[in-house]
Structure formats: C-alpha cells, structure tokens
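Here are my notes on the model, set out as numbered points. Please read them alongside the sequence and the coordinates.

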Amino acid sequence: MFPTITKLLSYGQQTVEAARDIGQGFAVTLDHLNRSSITVHYPYEKILPSERFRGRIHFEFDKCIACEVRVRVCPINLPVVDWSLTRGVRKKQLKSYSIDFGVCIFCGNCVEYCPTNCLSMTEEYELSSYDRHESNYDQSALGRLPFSTSEDFSIHQIQSLTSFSSETFRVNTFFIGDQFIS
C-alpha cells in the first residue's frame, strides 16, 4: 500500500512542478507582449553607428609616406602597398595602395599604428556587392569621402536600440497594400 501512496505523492509533486514551469513560461510571454517592437525596417530606417565604429577605411594619398607599417601590423597582411624610391631625395614615393574589404577583418590596427594618420575608419558599413572583386578598393576608392549616415535625410534614423520609447519604435505596425500603417 505504501508504494502506491509514494508514487501518487511523487506524481502530484511532478504535476505541481510542471504547472509552475508552464506558469513561468506564460509570465515571460505576457511580459514580452507589453514591450514595444524593436524591428528596424532596414532600407528605410538605419541605426546610427557608435562613435568608435570601425567601418570602411578612408585613405588620404597625400599624407602617406609609404612606411608600410600598416602591412606589418595587419594580422592577415592585407594592404597592398606599391612604392618606388626617389634617388635624388632618397625618399619613398607611393605608387598605389589597395585593400580587399572582402578579406579585411576591420580590426583597426592599420589606422591605429599609422604614423601620419593618413588612414581613418568611417561609419560606412554597406560594403556588400554581388562580385567579390568589387570589394577590392584602390587608392581612388579609398580616398572617396565617407558618406555619413547621419546626413542622409531620406531615411528615418534610430539613435540606439537600448531606449524603448514609443517615438522611436512602432508599437503596432500593420501592412496594408504597399504601406505600413502604425
């Protein structure tokens, strides 16, 4: 008789534990229902990168002294520097410089160790392309002035994802036809 009672008690305890676990799951679900959505509709809304964001590298050809420090500090020996030695002045002259952003890990060592500050990191992060050879930037593409996300007025910008204010995020978004209706 006692084994039947102990089995019944353990069954009751397991039932109570299962009900408690299901209740905790429902509590989490209800907690998330009260939060506003944090979905970013990417092409039309963009998150502003942080101040120390490491995006595309900007290169200033005139400042470079062809010291090749950036090649030595790069963990994957990525930058290709072509230079010639000017005999009269005994000075290196930079011929060409290129970086393949398809291989770059954006560590920032080249920017940090450059003695003349001819390299800088921009806030550009849209570097994707359909052809991997398009991600190989030469000095003219690297010298292009960076496009600032904060200056693009055609998109709605989101300052940060940490603040869940109703002004920044859409609480209820409905898709009707080809328009979003909040």
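1. I begin with leucine 85, which lies in strand β3, spanning residues 80-86; the model discussed here is a predicted one. Leaving aside its neighbours within four places in sequence, leucine 85 is in contact with Arg90, Lys91 and Lys92, while its C-alpha atom is separated by 9.9 Å from that of alanine 66, a residue 19 positions away along the chain.

2. Is leucine 85 buried, exposed or partly exposed? Its relative accessible area is 45%, so leucine 85 counts as partly exposed, given that this class lies between the 20% limit for buried and the 50% limit for exposed.

3. Turning to the interior, the largest nonpolar core holds 21 residues, and the members that touch the most others are Phe59, Leu94, Tyr97, Ile99, Phe101, Leu119 and Leu142. The elements giving two or more residues to this core are β2 (57-59), β4 (91-100) and α3 (109-113), and of these β4 gives the most, with three residues.

4. Leucine 142 deserves a separate look: leaving aside neighbours within four places in sequence, this residue is in contact with Arg56, Ile57, His58, Phe59, Tyr97, Ser98, Ile99, Phe101 and Tyr137.

5. For the protein chain as a whole, four helices and nine strands are assigned, and they follow the pattern α-β-β-α-β-β-α-β-β-α-β-β-β along the sequence. Among contacts between residues at least 6 apart in sequence, 68% join residues at least 24 apart.

6. Buried residues make up 24% of the 182 residues in the protein chain, whose accessible surface comes to about 13500 Å², with 56% of that area belonging to carbon and sulfur atoms.

Technical notes. Residues are numbered from 1 along each chain as its sequence is written. This is a predicted model: local features need pLDDT of at least 70, side-chain atom pairs count only at pLDDT 80 or more; totals for chains, interfaces and linings use all residues. Side-chain values use heavy atoms; hydrogens and water are left out. A nonpolar core is a set of buried Ala, Val, Leu, Ile, Met, Phe, Trp, Tyr and Cys residues joined through side-chain atoms within 4.5 Å. Buried means under 20% relative accessible area, exposed over 50%, partly exposed in between (1.4 Å probe, protein chains only). Contact means heavy atoms within 4.5 Å. Accessible areas come from the Shrake-Rupley method with a 1.4 Å probe; for residues, only the protein chains shown count as cover.
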